[in-house]
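Okay, thanks for coming, everyone. I'll put the structure up and then we'll go through a few pieces of it together.

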Amino acid sequence: MNPPLNLEPSPDFRDPRLSRGFERTCWPLCNGKAAPKPDSQDLHERRCLEFLAAFYQLTVLNKRLLTSRKAGAPPRQIKGLLEKIAAATTALEALEDRYAPIGFFGEPVMKGIRYHNIVFVRPALPKLQPKASTLSLQFAIPGLDKIPASELQGPVRIFRFGHGKVDP
Amino acid sequence: MEKLILENFLSPGDIVMLTAAVRDLHRAYPGRFLTDVRTSCPSLWENNPHLTRLERKGRGVKTIRCHYPLIHKCNTAPYHFIHGFIEFLNEQLDLKIRPTEFKGDIHLSPAERENSSPVQELLGERRPYWIIAAGGKYDYTIKWWHRRRWQQVVDAFRDRLLFVQVGETGHYHPPLKGVLDLRGKTKLRDLIRLMHHADGVVCPVTLHMHLAAAVPLPEGRKRLRHCVVIAGGREPAHWEQYSGHHFLHTIGQLDCCATRGCWKSRTVPLGDGSPLDKPESLCRDVTPGGMPRCMDMITAERVCEFIQDSLPVNGSSRGSLNTCCTQILSQAMVSY
């Protein structure tokens, strides 16, 4: 048996935006918006930052690879960059694995070789539930969408629903 | 005539099982009962010939909140889920209902039978397809398989088999590449129509598995609808598996499911205040890759083999598909 998984971001995590040499153009959007602040205390946002940093690293390396190839860099240098890209990819997959039990991961939207925007599949932390109930309070009402829009205005009318049919 | 309203507000898969009980009640006692239902999924009852409109306060109407306590014996007693509501009604009403078919009882309207598939409507051509449900509810995370494995399965059949991804909005259904993505776009009735025309289904233990058996086949089709279920060690196979389905389980292969299904709920606690976060509901053996070990043991290659075996054999394509599967999977496995 394995010990319980740690679903907190790693204490070793350092936001690349705070590092010297940070390349702003390589930093991705988070769900189409600006990323959370580096000092965010929100657990969900800190998890997002981990993924953004991993994709950022890949973009930086991809950019360097492209530049090196264009400049006709020696094969040894290219090989070194490819190895770094492979390591960054492995690190990203390990990150995905860590959060797999809660279904949290970032799906990238590319722009050329750049990871432009990271869309997170689990949009937020799970909400606290009220005390467990054996009854569902929400259920489908078939036929609701068949009510003409014109009927949704004006005086109140009562519709009865049953077995997927609408009884006016 | 005795008048019954049967109630149940559990998940859609449970309601599919209730449809079977209503069918078999009427077959065992024709003309004795008038039945109506109150459930969380009215769509599953559309066109059902066994229902009569009854009012709760109507004269002589008895309302029964239906359960399936048989589930508490499912690890040891030789019963399928389909027996669950039937045995309950037998006890409540002193009856002797027996299952008459090994499937739920979903009915299509003439229009639903005649209309082309939603896939044909979208693509403009008739194409065979499989439904893929690569996830599930957020509160039962133990049923999830790793999203990269689902992708490996899709990739292995690239250009050979169309997968249609479905899943309810608000549930965990990670997007897959190379599929027809209908996540969040199928109401329950749309899903039934989609299922009607589907050649097969690949999914965890979920509604889609029950529908794969319960939804009628298109007219003229002789082969059953295939279903490959990625189950792990949570539920005993005999409780869930339908005839002809491939139920990939690990009962007997791990300490935590050595002789029975574990019936745990979550891989790790989610912190949402649910009782499913309690230690007794959590997986006891999670891999470093974040999966319950029983689910981890089911490889994408194995799932592909079962799908492959379910495809029609037509000479050369079988061999080349196997080669294709092997190549793509070997590449994928390197990084996994």
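Let's begin with helix α10 of chain B, residues 300-310, and keep in mind that this is a predicted model. Which residues of α10(B) are buried? They are B:Ala300, B:Val303, B:Cys304 and B:Ile307. If you look down the axis of α10(B), those buried residues fall within an arc of 100°, so they line one face of the helix. The general background here is that an α-helix has 3.6 residues a turn, so residues three or four places apart point the same way.

Okay, on to the sheet. Chain B has an open sheet of six strands, paired in parallel, and the order is β6-β5-β4-β7-β8-β9. Which strands stand at the edges? That's β6, residues 180-181, and β9, residues 246-249, in chain B. Each has a single partner strand, so one side of each is left without a neighbour in the sheet.

At the β6(B) edge, the partner is β5(B), residues 162-165, and two bridges join the parallel pair. If you want a landmark there, B:Val164 in β5(B) has B:Leu180 in β6(B) as its bridge partner.

Now the strand I'd like you to look at, β8(B), residues 226-232. Seven of its seven residues are buried, so β8(B) is largely enclosed by the rest of the structure. As a general point, side chains in a regular strand alternate between the two faces of the sheet. In β8(B), B:His226, B:Val228, B:Ile230 and B:Gly232 point one way, while B:Cys227, B:Val229 and B:Ala231 point the other way.

What does β8(B) pair with? On one hand there's β7(B), residues 200-203, parallel to β8(B) over four bridges, with B:Cys203 opposite B:Val229. To get from β7(B) to β8(B), the chain goes through helix α7, residues 207-214, and that β-α-β crossover is right-handed. Then there's β9(B), also parallel to β8(B) and joined to it by four bridges. B:Val229 turns up here too, with B:Phe247 in β9(B) as its bridge partner.

Let's zoom out to finish. Chain B has eleven helices and nine strands, and 46% of its 336 residues count as buried. A compact globule with 336 residues would have a radius of gyration near 20 Å, and chain B comes in at 21 Å, which agrees. Its C-alpha atoms fill a box of roughly 65 × 50 × 35 Å along the principal axes. And of the contacts between residues at least 6 apart in sequence, 65% join residues at least 24 apart.

Note on methods: Residues numbered from 1 in each chain as written. Chains lettered and ligands numbered in written order. Predicted model: local features only at pLDDT ≥ 70, side-chain atom pairs only at ≥ 80, totals over all residues. Rg over C-alpha atoms; globule rule 2.2 N^0.38 Å. Buried ≥ 20, exposed ≤ 12 C-beta atoms within 10 Å, placed from the backbone. Contact = placed C-beta atoms within 7 Å. Pairing = 2+ DSSP bridges. Arc of directions from axis to C-beta. Right-handed = clockwise from strand over helix to strand, strands pointing away.
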